[in-house]
Amino acid sequence: MIEVVQYKNRVASRLLGVSVDDVATRVPDGVDYFASVKLDGHFAGCIAKAGQIQFFNRSGRELKLPKLAQAVKEVLGGKDIALAGELYVPNPERERSFAVSEAVADEAAHELCFAAFDVIGATEPLDITLSQLEALLPASGIVHRIAQQIINSRAALHSLYTQHVQEKGAEGIVLRATDRSGFKLKTRHHLDLVVIGYSEGIGDQAGLLRNILLAAMHPDGSFQVVGKAGGGFSDEQRRDWLAQLSAMRTPSEFVEVAERQTAFEMVRPEWVVECTCIDMLTEDGGRPVTKMALHHSADHGYTTIGARPCVNMISPVFIQLRDDKTVNPTDLRFSQISDMVELASLEAASGGPSTRLKREVYIKEAKGEVAVRKFMAWKTNKESTGKYPAYVLFFTDFSASRAEPLKQDITVAATEEAVMALFAQSVADNIKKGWVLQAGT
């Protein structure tokens, strides 16, 4: 249902993630907010119309929940309304989102509840909408409204956070102003990750580390790109790390873009670091987040395996180098992430793996610098979804001496013959004297 997707993308996205440590600088004092305890569940829209009850997830997919729909019908008594809320499974200690997935697949698995916090499509201020919900829905039960209280000071917010998050283990606190903007106050997540790349600062930050590229590990030993972190370093660390990481560079067919269209320099996966973030988002614009999984070898560096469901880290910060941990699938386990958030299935996130048809990599050395041009054609195997082309040609051109070091171009085609003809023409147009073929399939 389109209104559910629009609500999630336009309204719920106005809530900014904030760590409890940043309240003093991010959350205004003396402003009235409606505060509620965040449930660890799944966002859902509940549409009641003409006696029919339907549930939709954040992507607009209908959820078949007849037992819960009947409970909603009994509570609403025939009223037409569109509710925004959270599907959750009650737990004396703390709700867990994975239990919701089990209950959505089979309602008999757990007692599934729906807690409403807004009316989809409402144009009046939030306080009026919450009054409507209070008159319409009970405070508890299988279907209910989420309890709200007004707070207007940081001291009151800290007290609420201590009571529910620190002492009772809740996921966080949600703050909403009357215009529905606000904050999600959460505890920082701590992750042990490996450094697989770095970028250098520009301008007056040249000669200093800008960001590190981070990965976790799957049980099969592959590296899952997770994200980057640029905060938490001292100036001394930025100088020292840049020098040390520069000596650890390794070849890579995978390219991750850093600032101003420059590429991360990929390094051997040797340094384990502790980082934090205040949230991990599994969707971007209503679509599942996917990031590349990589294989690393001493001979070939990084080679791509394929995109897998992952997260976008919100406000990542470097904490420390973990000399007590090593690069292995236990210390760097991807389950640090997957145990805390509900990831899309690989099929749902990607529509199935693509098939690589041809790849060629050329290099050219001049004045001590190496330029790289890569060509890759593949069949998406997703054309039946209507969201992706059948065939794709991807061209990457990297030269550190240019003002814009990294250039990329994507061309699509309807047939294998057409994409291979585009491949041959692109090579002919871009590979002249001095370029040397390094790899080809």
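The following paragraphs describe the overall dimensions, the sheets and the nonpolar cores of a predicted model.

The protein comprises 441 residues, of which 46% count as buried, and its secondary structure consists of ten helices and 28 strands. Along the principal axes, the C-alpha trace spans about 75 × 55 × 40 Å, and the protein exposes about 21,500 Å², with carbon and sulfur atoms supplying 50% of that area. Among contacts between residues at least 6 apart in sequence, 67% join residues that are at least 24 apart.

One open sheet contains six strands in the order β5-β4-β3-β6-β7-β8, and its pairing is mixed. The edges of this sheet are formed by β5 (62–63) and β8 (143–145), each of which pairs on one side only. At the β8 edge, strand β7 (residues 113–119) runs parallel to β8, and three bridges connect the two; within this pairing, Ala-116 has Arg-145 of β8 as its bridge partner. Helix α3 (residues 66–76) lies across β3 (42–49), β4 (52–57), β6 (81–88), β7 and β8, and runs at about 125° to β4.

Several of these elements also contribute to the largest nonpolar core, which has 30 residues and in which Phe-55, Leu-68, Leu-83, Leu-87, Leu-112, Phe-114 and Leu-137 touch the most other members. At least two residues of this core are supplied by each of β3, β4, α3, β6, α4 (97–105), β7 and α5 (126–136), and the largest share, five residues, comes from α3. The surroundings of Phe-114 illustrate how these elements meet: when residues up to four places away in sequence are not counted, Phe-114 touches Ala-44, Cys-46, Phe-55, Leu-68, Leu-83, Ala-84, Gly-85, Glu-86, Leu-87, Ile-142, Val-143 and His-144. A second, separate core of 28 residues includes Val-226, Met-248, Cys-310 and Val-311.

Another open sheet is built from five strands, arranged in the order β1-β11-β10-β2-β9 and likewise with mixed pairing. Its edge strands are β1 (15–19) and β9 (149–151), each pairing on one side only, and the twist from one strand to the next averages 30°. Strand β2 (residues 33–38) and β9 are antiparallel and are linked over three bridges, with Ile-150 in β9 serving as the bridge partner of Phe-34. Helix α6 (residues 154–166) lies across β2, β9, β10 (172–176) and β11 (182–186), where the direction of α6 makes an angle of about 145° with β10.

Further along the chain, strand β20 (residues 290–297) takes part in two antiparallel pairings, which can be described in turn. Two bridges join β20 to strand β14 (residues 223–229), and in this pairing Phe-223 stands opposite Leu-294 of β20. Eight bridges connect β20 with strand β21 (residues 301–309), also in the antiparallel sense, and here His-296 stands opposite Tyr-302 of β21. The connection between β20 and β21 is a hairpin that passes through three residues.

Conventions:
Residues numbered from 1 in each chain as written. Predicted model: local features only at pLDDT ≥ 70, side-chain atom pairs only at ≥ 80, totals over all residues. Heavy atoms only, no water. Pairing = 2+ DSSP bridges. Helix = DSSP H or I, 4+ residues; strand = E, 2+ residues; numbered from the N terminus. Contact = heavy atoms within 4.5 Å. Axes fitted to C-alpha atoms, helices over the stretch in contact; angles between N-to-C directions. Core = buried A, V, L, I, M, F, W, Y, C linked by side-chain atoms within 4.5 Å. Buried < 20%, exposed > 50% of the residue type's maximum accessible area, 1.4 Å probe, protein only. Areas by Shrake-Rupley, 256 points an atom, 1.4 Å probe, with all protein chains shown as cover.
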